[in-house]
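Trainee: I've got a structure to look at and I'm not sure where to start. Can we go through the sheets and then the place where the chains meet?

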Amino acid sequence: MKISYNWLKWYIPDCPSSEKMWDIFTYHLCEVESIEPLGEDVIFDINILPNRAHDLLSHQGIARELASLLNIKYVDPTENYKIPTSQKTELKVKIESQNCRRYSARIVRNIKVGPSPDWVVKHLESIGQRSINNIVDAANLVMYDCGQPIHAFDLDKLSGVITVREAKEGEEITTLDNKQVKLKPVNMVIADDKNVLAIAGVKGGKVAEVDENTKNIVIEIANFDPVSVRKTARGINIFTDAAKRFENDLSATLCDYAMRELCGLFVEYGFTGFEDVVDMYPVKQEEHKLSFSIKRIANILGREVPKEEVLDILKRYNFYFEDKDDEIIIDVPPMRLDLNIPEDMAEEIGRIAGYDKVVGKLPSPSVFKRVVNDRHAKVAWARNQLLLNGYSEVMTYSFAPKGEVSVLKSAGDKSCLRTNLSDGLKESAKLNNLNSSLLGMTQVKLFEIGSVFKKDAEEIHVAYGDNKKINELELTEFCDLFAPKLDAEAMNMDLLVSMASRAKRVMPDKFTMWSLYPFITRDIALWVPEGLDSTEVQKVITENINELVVKGPDLFDAFTKEGKTSYAFRLVFQSFEKTLTDEEVSTVMQQVTDNINTHTDWTLR
Amino acid sequence: MQTINEQNPSNKMGTEHPLNILASEAYKVFSDLGFEVTLGPELETEWYNFDALNVSKDHPARDMQDTFWIKDKPGYVLRTHTTNVTARAIEQAGKEGRIPCAFISIGKVFRNESTDATHEMQFFQIDGTMVGENISIAELKGVLTHFYKKMLGDDVEMEFRPSFFPFVEPGLEVWLKFRDRWLEVMGAGMLHPNVIRNLGLDPERVQGFAFGGGLDRIAMVKWNVPDVRLFYQGDLRLNQF
């Protein structure tokens with residue numbers, strides 16, 4: 001969500017400089033996506049956490065939070081909102097859906113649609129919103145300011161009672177942006193006696209759109225069930241800032257503030273034709289209390305929590321509370337739908353004070369009564385056996401084109417789960433066999449240990465083999481076959497240590513990506529006098545090749561006959577930039593053979 | 001039937017998959033701290049993958065977009081994390097009267113999303129939990145700091161930032177400073193009382209922490225592996241370590 005620094009400063013004039021805000025947000029509230037200067041303003045893009053989306057998806061919300069967090073002044077704007085004089089109304093509203101928790105509506109007559117005041121345009125543009133007209137802009141401005149979505153209808157385009165109800169099967173609506181949407185009963189709508197006017201909480205309709213000729217409007221400030229709005233938005237694939245706020249469960253008490261703010265703004269616009277608010281609020285949001293002990297908070301956070309620290313936080317956040325000996329009981333503010341259990345207060349105190357205050361502690365390992373996991377012991381044992389016997393480890397995909405179990409919908413091209421490892425391993429063997437000279441392997445031996453999925457069972461299998469033959473066994477069968485006497489206890493602890501660390505091998509620091517171009521192999525065989533070490537020849541070859549050789553010279557054959565030794569070396573050529581030509585490789589080979597020929601007692605074969 | 005015990009002295013040892021090198025090292029580090037290794041199913045019930053973990057019926061994570069649901073088997077999913085495994089283990093330990101307990105599980109998890117260099121439909125997750133009378137965020141911090149220093153070196157820095165996950169409260173993100181860059185590596189927090197209750201324990205008497213994060217990601221930052229998809233191609237050129 002985008003937040004304007006200048007806008008925030010309306011409410012918290014003592015807000016720290018924008019450079020300091022990254023730390024404040026990151027360590028005490030939420031992640032910061034970006035901080036960008038915009039003219040004389042600075043725009044923060046922050047990711048409000050789902051449990052705070054009730055009260056923080058707005059400038060006032062953030063300002064209130066920061067004021068309490070930083071213990072700075074919050075300038076409450078509500079006292080300055082101008083209150084209009086109001087006439088009796090004939091407006092009728094009916095709530096027929098359980099998913100509408102509150103519906104406030106108000107007629108404003110004799111309005112004039114036109115451009116918005118400059119400051120409104122500027123505010124909206126700072127957070128990336130386009131100005132449309134003074135009515136739509138006012139509704140948007142109030143939403144980004146206090147968090148409550150607002151809609152306005154052209155009164156003269158309505159007929160009869162405004163009803164909040166479930167859509168009828170097959171009903172349709174043309175949205176403000178001219179999309180034709182077919183509705184289902186799971187979608188809640190706002191309708192009059194003739195038409196569907198809006199998809200509740202998601203998007204307005206064309207039929208009662210406010211346009212340049214609009215004279216009289218109805219303001220809608222409502223509260224809808226979050227799940228219903230989310231399902232509808234997903235179902236019809238329309239995502240709006242309004243829907244995003246409703247989805248996160250807003251407090252129905254917010255409607256009052258939004259109505260005051262919007263009408264105050266309309267008074268500033270010079271509008272006078274206000275009628276009384278029609279407020280349908282069938283089930284009031286319940287007030288609730290939360291009690292917790294300081295001891296509990298300290299036990300969760302793992303640090304000492306002085307009582308003064310907690311009381312100070314409660315005061316800064318304007319919580320009404322009762323301080324009993326062991327227990328603190330707070331009246332949860334209506335907007336703080338996230339506070340329900342003592343753990344929620346532990347989070348409040350933890351994040352406000354900062355988690356850097358917690359000092360890490362290692363518990364003694366001896367307090368845990370461990371048992372050995374039989375399955376893990378078997379997997380580790382099988383893996384080590386295969387590695388020791390020269391099999392190399394691969395992982396392949398769990399998805400397959402065919403299988404006995406499949407998934408409902410997949411973002412990928414395969415929707416079945418594998419029934420065996422052999423199919424994947426065969427493919428892998430083929431691939432690696434082609435690369436065997438690159439890998440420096442004379443014989444490619446592979447294995448995989450992993451889950452396979454049969455109609456009614458998931459099994460762990462072990463598959464191993466080479467290009468010619470793959471064997472596959474269920475894990476326990478494998479272990480029984482090769483180690484019938486080993487029990488889990490004996491297998492386990494030692495095997496937790498990886499082969500790599502057991503062998504005390506020095507691992508390279510970095511992964512080296514391979515070339516995606518084809519490689520070419522060339523062999524050199526030569527006779528040298530008996531007793532000459534192969535490394536002598538290797539040295540000469542190495543001195544005469546260039547960076548196109550990615551592997552080798554590797555000795556792959558040696559034998560001695562009649563006082564002479566034959567050595568055969570393999571070179572693998574490959575470029576990261578292109579497919580090598582025969583000529584490029586031959587040039588290098590020529591250089592090598594020329595040099596070998598300068599040794600009079602060496603003979604190329 | 002071919003035997004694997006050829007005992008051919010010229011046989012070189014096979015090469016290891018990098019993720020399993022890390023998994024083995026991680027198991028060793030946690031095992032030394034008293035954690036017990038545990039494994040569990042990849043095809044899991046909705047209960048252990050979501051409900052028991054306090055993920056409500058309407059939570060967006062359950063949507064088709066993120067989760068692989070099993071065809072003709074309502075109520076089953078491919079697990080979206082390995083927290084299901086540690087949850088099962090806590091439940092079992094509770095029944096056996098083995099509290100305090102600590103579990104670590106590394107395994108394949110699945111997300112129904114399109115793949116690119118940093119996203120894969122299957123990847124490896126490391127998931128741990130510790131439950132007892134006084135297991136707090138201090139123990140979480142101690143354990144994870146120790147773990148990352150062992151895995152990535154002593155100069156790594158770790159910090160917690162506020163976050164939200166349905167199965168924990170408070171919820172935390174774990175960030176690491178590695179080679180001068182801050183990276184988000186795990187989600188963590190104190191097990192939500194609803195989770196403790198769902199696993200048959202009394203949240204008034206026991207509490208604990210949980211953490212989980214991608215193993216692929218650790219491998220990618222440790223060794224500079226450019227593309228997560230390389231891990232599952234069956235290509236031995238990956239086994240460089």
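Trainee: In the open sheet of 4 strands in chain A, which strands are the edge strands?

Mentor: Keep in mind that this is a predicted model. The sheet runs in the order 19-23-24-25 with mixed pairing. An edge strand here pairs on one side only, and that picks out strand 19 (392-393) and strand 25 (470-474) of chain A.

Trainee: And which residue stands opposite L446(A)?

Mentor: Look at strand 23 (residues 446-454) and strand 24 (residues 457-465) of chain A, which pair in the antiparallel sense over 9 bridges. L446(A) belongs to strand 23. Across from L446(A), in strand 24, you'll find G465(A).

Trainee: Next, the open sheet of 3 strands: why is one side of strand 16 and of strand 17 of chain A left without a neighbour?

Mentor: That sheet has the order 16-18-17, with antiparallel pairing. Strand 16 (289-292) and strand 17 (320-323) stand at the edges, so one side of each stays free because each has a single partner strand.

Trainee: What is the bridge partner of D323(A) in strand 18?

Mentor: Strand 17 is joined to strand 18 (residues 328-331) of chain A by 4 bridges, and the two run antiparallel. For D323(A), the partner in strand 18 is I328(A).

Trainee: Now the chains: which element gives the most to the side of chain B that touches chain A?

Mentor: In total, 82 residues of chain B are in contact with 89 residues of chain A. Elements giving two or more residues include strand 4 (101-110) and helix 4 (137-152) of chain B. The biggest giver, with 9 residues, is helix 1 of chain B.

Note on methods
Residues are numbered from 1 along each chain as its sequence is written. Chains are lettered from A and ligands numbered from 1 in the order in which they are written. This is a predicted model: local features need pLDDT of at least 70, side-chain atom pairs count only at pLDDT 80 or more; totals for chains, interfaces and linings use all residues. Two strands pair if DSSP finds at least two bridges between them. Two residues are in contact if their C-beta atoms, placed from the backbone, lie within 7 Å.
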